[in-house]
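Subject: Structure handover

Hello,

Here is the structure I promised to pass on. Please have it open as you read; my notes follow below.

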Amino acid sequence: MAVSDIQNNKLLTFVNGIHPKDYKELSNNCKIQRMPFVEEYTLPLGQHIGAPSKSIVQKGQYVKRGELIADSVGFVSVSLHSPVDGIVSDIGIFDTPKGDVLPGIKIKTDRFSTQQFHQKAVDFESLDVNGFIKSIQNAGIVGLGGAAFPSHVKFAIPEGKNCKYLMLNGCECEPFLTADDRTMVEYPKQIIDGLLIVNHFLKAEKIYIAIESNKPKAIEVLSKYAEESNSNIEVVTLKVKYPQGAEKMMISAILGNEVPSGKLPIDLGVIVANVGTIKAISEYFRTGMPLIERIVTITGTSINNPTNVLVPIGTPMDEILEFCGGIKDNTARILLGGPMMGAVQKNLNVPVVKGTSGLLVLSSNEVKDFDQYNCIKCGKCLDACPLFLNPSRMGLLAKKGLWDEMLDFHVMDCFECGSCSYVCPSGIPLVQSFRVAKGILREKSIRDQNK
Amino acid sequence: MVNALLIPLLILSGLGLLFGVILSIAYKQFKVFEDPRIEKVEELLPSANCGACGEPGCRAFAEKVVNQGTNPAKCTVSSSEGLQKIANYLGVDVSREEKRVARLLCAGGTLEAPNLANYVGGINSCRGEVVVDGGIKNCSWGCIGLGDCAIACEFGAITMNDNALPVVDTEKCTACNDCVEVCPKNLFELMPISQKLIVQCKSLLKGDLAESKCRVACTACSRCVVDSAPGIIEIKNNLAVINYKLNDLTNPIAVKRCPTNAIVWLENFNQFETKQKSKLPLGRVEEVFDTDEYYQ
């Protein structure tokens, strides 16, 4: 393949953003290990964005690995499958990693089962676009980057729009996390295959695989396989910068176009998919395995053996931490996801869900509590915000509780990357207050609708 | 020299006269009749502009009372004397709606419902804490205890007690709905003051699991259902729900055997003012149910 036009021998990137230290060396050379089966799995029904799925099993029923246990409700909803051969031990409400309590299914593993997977591959060539979308929904596949947005909704292109570019998001700009990196290095065949399967239906002109330059191995391996596949796949290298992996930032880095406020990437003719999602799609169509396990990075300075683990969905987090050698005594915080956008966990007796990308165990050396000072209007947050918002002003408004005024500053566009809080010299909890504001405004609009 | 003084004087007084005439014509011509009673009623209203009546302010409410005959008792903030004054002034009947107060449907303070972690360095409000993993409390439904409601209350009716629970002063509470809207866990509910039987819990868990998260959680044991007249209490989603249509039949006996004190009878006191039963193992009750007392 000819040298890329858009790459042009320089690293692509977007405007603004920050440069946190990436700490990837802790786990980026650790091969993906398989987590052994544990005794019990908890599967919340609302693991994805959209309507929670509906349980179709009874207590005491025997379920096979990969068997459907909860069906999708409506279009923005996906199915859920059993991660093990076992018996449904309880149907009730359980703690979830988000801190709330949701209806779910508990499955007790059958100790004598071989846990072999017996399902047939799905012949995708005989499917039409709707059949493809339906089968992805039935496979329970959601975006594995973290938000867990149902993938089939993304692939269902609205009428009047067409997909020009398909992009694979291999940026993984969050510090510490290496799950996508390792997936690209160890499963390049499946990724290229998955991209080609998806493109069989989307018919995009060009497929870009976007990788940050701090993953040279992944770039090398995927470039090789992309060339061998003799297709329109191209690997582009992006600059190491946070939040490069955010969908909108990646598009602006590659195409130079911004996704307008309130619009979706498909309005620019772009569909972005995560590495894990594409791998899951390939696995589903080649082996028939629905989304019942995912790759999770277990890392941090306060865990004994940081590594990347292939975890069945529903495994309790404390079991995974134990599998990785347990946590050290000076552990201060455990985060779900990366350090920038991840949420602190108070309870480790919660399961890994489809949106869990990593578990980060930080020691007291890294966790600092800032004193809060007044805003000195230095403008650092304005230089950091990738969406060109005004965090400084919005922070002042939030302090006064003027939520409606924050709407004029487009607080709803903020995707909570946390760059503003990271750079703030006064230690003002900016992104946190935007999260609060977004919650309040969302509640308010629901209340107004009901009036 | 005289001219230089006189001419501007004449011009100005002429202009003044002209505008005066225009204004007086405009006053006669464009006069809008406004019911003077509106002014008076507005004076008699508390001028809190709280919006509890559903109007944007006291002025708009006064207009409605005068023009459309809305019942002045819709203003929950006024004292009964104030309402009587308005009613006497307008010559209408004031059928005082029953006073409503905000009740917190959670009794799990820091003593009863332990925290799983410490909340440090974030925004010092309930809302701020809830965005981080749903708050630090073990119970997912429980009161956060940072007092967003106390700040939101414009009447100073809510104070946070030592146990990090908001105590609503029923005297000061005007049922303006502010605390209901601000609570991120939706724990406040406006109830008529005659409703004395209250389940102070929203946990949907059952039995030991519920109690392991909070010592005063409703464990859905159904004791209160058995102890009260049929149909008053039923267990819905592992939570005792009181049918307030039968409020007249409620009786303090219903709370006697509650193992966790999740259901309470509020007789002439605010919530959380009595000492809560605590550190009791499940199944034991502090006061043994006295049958003699019941059949007297």
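How many bridges join strand 6 of chain B to strand 7 of chain B, and do they run parallel or antiparallel? There are four bridges, and the two strands run antiparallel. Strand 6 covers residues 233-236 and strand 7 covers residues 239-242. One pairing to look up is Glu234(B), whose bridge partner in strand 7 of chain B is Val241(B). The two strands form a hairpin with two residues between them. In the turn, Asn237(B) has a positive phi of about 50°.

Please keep in mind that this is a predicted model.

Chain B overall

Chain B has 296 residues, and 37% of them are buried. Its secondary structure comes to ten helices and eight strands. Take the contacts in chain B with a separation of 6 or more: residues 24 or more positions apart account for 60% of them.

The domain assignment splits chain B into domain 1 (36-90) and domain 2 (100-295). Their C-alpha centres lie 33 Å apart. Five residues from domain 1 of chain B and six residues from domain 2 of chain B make up the contact between them. On the domain 1 side, four of these residues are nonpolar, one is polar and none is charged.

Where the chains meet

Chain B gives 16 residues to the contact with chain A, and chain A gives 19. The chain B side has eight nonpolar, six polar and two charged residues.

The core

The largest nonpolar core has 185 residues. Which of them touch the most other members? They are Met167(A), Ala210(A), Met250(A), Val199(B), Cys201(B) and Ile263(B). In soluble globular proteins, nonpolar side chains tend to be buried together. Cys201(B) is a good residue to click on. Leaving aside residues up to four places away in sequence, Cys201(B) touches Leu105(B), Cys106(B), Ala107(B), Val216(B), Ala217(B), Cys218(B), Leu239(B) and Ala262(B).

The parallel sheet of chain A

Now turn to chain A. Four of its strands form an open sheet in the order 11-10-9-12, with parallel pairing. Strand 11 (233-238) and strand 12 (270-274) stand at the edges. Each has a single partner strand, so one side of each is left without a neighbour in the sheet. From one strand to the next, the twist averages 25°.

Strand 9 (residues 165-170) and strand 10 (residues 206-212) of chain A pair over six bridges, in the parallel sense. Within this pair, Gly170(A) stands opposite Ile211(A) of strand 10. Helix 4 (residues 188-202) of chain A packs on the sheet and touches strand 9, strand 10, strand 11 and strand 12. The direction of helix 4 makes about 155° with that of strand 9 of chain A. Helix 6 (residues 247-255) of chain A lies across strand 9, strand 10, strand 11 and strand 12, at about 115° to strand 9.

Two more helices of chain A

Is helix 3 (residues 179-186) of chain A largely enclosed or largely open? Seven of its eight residues are buried, so helix 3 is largely enclosed by the rest of the structure. The buried residues are Ala179(A), Asp180(A), Asp181(A), Arg182(A), Thr183(A), Met184(A) and Val185(A).

Helix 5 (residues 216-228) of chain A holds Glu220(A). Glu220(A) is partly exposed, with 14 other C-beta atoms within 10 Å. Glu220(A) and Thr299(A) are 79 residues apart in sequence and 24 Å apart in space, C-alpha to C-alpha.

The antiparallel strands of chain A

Strand 15 (residues 331-336) of chain A pairs with strand 17 (residues 358-363) of chain A over five bridges, in the antiparallel sense. Here Leu336(A) has Leu359(A) as its bridge partner. Strand 15 is also joined by two bridges to strand 16 (residues 343-344) of chain A, again antiparallel. In that pairing, Leu335(A) is matched with Val344(A). Strand 15 and strand 16 of chain A make a hairpin with six residues between the strands. Gly337(A) in this hairpin takes a positive phi near 100°.

Domains of chain A

Chain A is assigned domain 1 (121-287) and domain 2 (380-450). Their C-alpha centres lie 29 Å apart. Five residues of domain 1 of chain A are in contact with six residues of domain 2 of chain A. The domain 1 side has four nonpolar residues, one polar and no charged.

Best wishes

Methods: Residues numbered from 1 in each chain as written. Chains lettered and ligands numbered in written order. Predicted model: local features only at pLDDT ≥ 70, side-chain atom pairs only at ≥ 80, totals over all residues. Contact = placed C-beta atoms within 7 Å. Nonpolar A, V, L, I, M, F, W, Y, C, P; charged D, E, K, R; others polar. Domains from an automatic or database assignment. Pairing = 2+ DSSP bridges. Axes fitted to C-alpha atoms, helices over the stretch in contact; angles between N-to-C directions. Core = buried A, V, L, I, M, F, W, Y, C linked by C-beta atoms within 7 Å. Buried ≥ 20, exposed ≤ 12 C-beta atoms within 10 Å, placed from the backbone.
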